[in-house]
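Dear colleague,

Please find below the structure for your review. My findings follow directly after it.

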Amino acid sequence: MRFPLRMTVDLAKYIGGKRLRGIERFPLVMMLEPLHACNLTCTGCGRIREYKSTIKDKLTVEQCLAAVDECGAPIVSICGGEPMIYPDLPRLVREILGRKKHIYLCTNGMFIRKKLKDYQPTSRFFFNVHLDGMEETHDLCVERKGVFREAIEGIKAAKDAGFLVCTNTTIFKQTNLNEIAELLDYLHTLGVDGHMISPAYSYAAVQTREIFMSREEVREKFRSATQFLSRHNLMTSPIYLEYLRGDRELMCTAWGNPTYNPRGWKSPCYLITDGHYPTFKEFMESTPWEKYGRGRDPRCEHCMVHAGYEPSAVLGANRKLGDSWKMLKWNLTSPQASPLSSSLNSLL
Ligand code: SF4
């Protein structure tokens with residue numbers, strides 16, 4: 001199994017309920033950014049650049065919870081900035097879990113060891129640790145030595161304490177796929193439960209343009225990665241992977257992954273900022289969705305970002321017959337290497 005059973009069941013019930021009520025556009029994963037401050041300055045990160053003037057701003061826990069409640073997505077991805085420097089994070093996590101949501105806590109891993117005691121392991125909560133390569137490469141990407149080692153120590157401590165842990169890796173133009181294969185093999189020896197993989201995406205705020213790939217380059221990279229990726233417990237859906245390899249087209253469904261931060265609901269997506277709305281309702285109703293996507297907005301031309309296309313497997317208008325079966329089969333089966341079942345057994 002790729003995901004905890006409770007998450008799969010909750011997601012299926014939520015999607016079924018929306019469909020029964022004839023709702024076509026709805027969120028699946030809310031990206032909650034309680035702050036944009038970070039202890040690192042990663043080369044590919046747009047947040048610390050785009051939100052430079054409000055980098056010290058923070059949402060209150062109450063603002064975060066009101067947004068979680070209004071949005072209603074069953075999964076909340078807490079990101080930033082570095083969320084583990086948000087002072088009220090333990091309370092925020094407890095409150096969101098109390099609402100029976102599922103959480104991915106996206107972190108650079110530098111504070112896991114120090115702050116682990118503030119959290120309780122549960123099948124609703126993943127530490128999602130950012131790793132873009134082995135030690136030398138990752139430290140270069142995050143522009144600081146020692147980050148890889150501390151993140152690995154954090155992963156080991158979290159696994160020893162019984163937490164679910166996954167990793168997220170961004171593939172850049174210069175990424176050596178053999179090194180990513182080595183990384184995933186290594187993470188398996190640490191008992192990591194799953195991996196998210198996504199191509200790098202070019203934020204307007206990021207000036208280092210040469211690290212990003214064109215659509216064709218993304219496809220070439222992911223075609224050559226197919227074999228080793230299939231050996232691992234990827235949390236990236238098979239339909240999104242088909243899109244990344246160029247085997248099918250998908251329509252952007254950015255509303256499936258809405259982002260809320262100290263300025264409001266970021267419209268239209270994780271990448272482009274054409275405005276912020278104070279409420280989720282206004283974000284959904286006032287964003288001119290028909291104007292975005294490939295062929296409609298030049299900024300979308302090379303975008304294959306997970307936040308725009310991962311939900312398309314479930315929400316997209318161009319779903320195919322058999323997609324649901326494919327997703328179910330993928331979810332229920334995992335490569336031999338997957339340690340998730342044993343992690344979950346210890347949480348039950
Ligand atoms: S295609 Fe990409 S950049 Fe354009 S709206 Fe969708 S997610 Fe945003």
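E150 counts as buried, because its relative accessibility is 19% and the limit for buried residues is under 20%. The model is a predicted one, and the values here are computed from it. E150 forms a salt bridge with R113, in which the closest N and O atoms are 2.9 Å apart. Since E150 belongs to helix 7 (residues 147–160) and R113 to helix 5, this pair ties together parts that are 37 residues apart in sequence. R113, in contrast to its buried partner, counts as partly exposed, because its relative accessibility is 44%.

A second salt bridge concerns R124 and D10, whose closest N and O atoms are 3.3 Å apart. This pair links distant parts of the chain: R124 is in the loop between helix 5 (112–115) and strand 4 (125–130), whereas D10 is in helix 1 (residues 5–20), 114 residues apart. Here R124 and D10 are both buried.

A third salt bridge is formed by D247 and R245, with the closest N and O atoms 3.2 Å apart. R245 has a relative accessible area of 18% and is therefore buried. In addition, E242, R248, D323 and K326 are joined into one network by salt bridges that share partners. Over the whole structure, the search finds 22 salt bridges.

Turning to the strands, strand 1 (residues 29–32) is covered on both faces. V29 and M31 lie on one side, M30 and L32 on the other, and all of these residues are buried. This arrangement may be read against a general rule: in a regular strand the side chains alternate between the two faces of the sheet. Strand 1 runs parallel to strand 2 (residues 75–78), to which 4 bridges join it; within this pairing, M31 stands opposite S77. Strand 1 also pairs with strand 7 (residues 259–261), again in the parallel sense, over 2 bridges. In that pairing, L32 stands opposite Y260.

Finally, the ligand. Which residues are around the ligand? They are C252, C269, L271, I272, Y292, C300, C303, V305, G308 and Y309. The shell around the ligand divides into 9 nonpolar residues, 1 polar residue and no charged residues. The space that the ligand takes is the second largest pocket.

With kind regards

Conventions. Residues numbered from 1 in each chain as written. Predicted model: local features only at pLDDT ≥ 70, side-chain atom pairs only at ≥ 80, totals over all residues. Heavy atoms only, no water. Near = heavy atom within 4 Å. 1 Å grid on protein atoms, 1.4 Å probe; cavity = no way out; pocket = protein on both sides within 12 Å on 5 of 7 lines; lining within 4 Å. Sits in = over half its atoms within 2 Å of the grid points. Nonpolar A, V, L, I, M, F, W, Y, C, P; charged D, E, K, R; others polar. Salt bridge = Lys/Arg side-chain N within 4 Å of Asp/Glu carboxyl O. Buried < 20%, exposed > 50% of the residue type's maximum accessible area, 1.4 Å probe, protein only. Pairing = 2+ DSSP bridges.
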